[in-house]
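Visitor: Could you walk me through this one? I'm new to reading structures.
Guide: Sure, take a look and ask away.

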Amino acid sequence: MYNGVYYKTYSLPPVNEREALRYAGCKGEISERVMQTLAQCVNESQTAFFPRVCYRVLPVQELLTRFPESGLLKLRLQNSKEALVFAATVGIEIDRLILRYEEISPAKALLLQGIGAERIETLCDLFCEDMAAELAQKGYAAKPRFSAGYGDFSLEAQRWFSNVLDMQRKVGVTLSESLLMTPTKSVTAVVPLIPLEEK
């Protein structure tokens, strides 16, 4: 289970427009004009996504030893002996597209932000479903993922993710001094694993 860092690429399903609008902060009744602009953004961003994930399985004790101050981590890893850790990204091109439209069409930039958020969440869901099926064959059940920055699981953990997953080399994700990821539409997370007989 602990044989290093692995890598996967995916083809994503069509954009869930309702979710993209939600991530963009659009509420209530959506006008036809907004829907037309969204459709334009979806079409223009089709080639802006390069979904990829790097991951590995680690002993839970490694995480608990590294982050002893996190009660949330301890609670979420309860009954687990292994954990899947991963970094996912849809690439830098969507950031460049958003940046371009911030100057000429803030409305499009906002909708592209929503599309980007929907794409990375869809990638994470797809990866977790894929790995849940794969790990079930090895006798493990995968619990819901969670990320650094939630509760008392410090955002400082991003440095650890970066190191143990070799994120920059594997999927091109780097960290700023303030621990923000580039590309921005990237996610790191922990997935607790429980032996199926103990589920």
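Visitor: In strand 7, which residue is the bridge partner of Ala142?
Guide: Keep in mind that this is a predicted model. Strand 4 covers 140–142, and strand 4 and strand 7 pair in the antiparallel sense over three bridges. Follow Ala142 across to strand 7 and you land on its bridge partner, Leu193.

Visitor: Which strands stand at the edges of the sheet, with a single partner strand each?
Guide: Let's read the order of this open sheet of five strands: 1-2-3-7-4, with antiparallel pairing. A strand at an edge has a single partner, so one of its sides is left without a neighbour in the sheet. That's the case for strand 1 (6–9) and strand 4 (140–142).

Visitor: At about what angle does helix 6 run to strand 3?
Guide: Helix 6 lies across strands 1, 2, 3, 4 and 7. Among the neighbouring strands themselves, the average turn is 30 degrees, direction ignored. For helix 6 against strand 3, it's about 145 degrees.

Visitor: Which element gives the largest share of the lining of the largest pocket?
Guide: That pocket has a volume of about 490 Å³. Of the 19 residues lining it, the closest to its centre are Glu121, Tyr150, Met181, Ser186 and Val187. Two elements give two or more residues to the lining: helix 6 (106–136) and strand 7 (186–195). The largest share, four residues, comes from strand 7.

Visitor: And how many residues of that lining are nonpolar?
Guide: Let's split the lining by residue type. Three are charged and five are polar. The nonpolar ones number 11.

Technical notes. Residues are numbered from 1 along each chain as its sequence is written. This is a predicted model: local features need pLDDT of at least 70, side-chain atom pairs count only at pLDDT 80 or more; totals for chains, interfaces and linings use all residues. Side-chain values use heavy atoms; hydrogens and water are left out. On a 1 Å grid over the protein atoms alone, a cavity is a set of points where a 1.4 Å probe fits but cannot get out, and a pocket is an open set with protein on both sides within 12 Å along at least five of seven lines; lining residues have an atom within 4 Å of a point. Grid points are joined across faces, edges and corners, and a volume is the space filled by probe spheres set on the points. Ala, Val, Leu, Ile, Met, Phe, Trp, Tyr, Cys and Pro count as nonpolar, Asp, Glu, Lys and Arg as charged, and the others, Gly among them, as polar. Two strands pair if DSSP finds at least two bridges between them. Axes are lines fitted to C-alpha atoms, for helices over the stretch in contact, and angles run from 0 to 180 degrees between N-to-C directions. Contact means heavy atoms within 4.5 Å.
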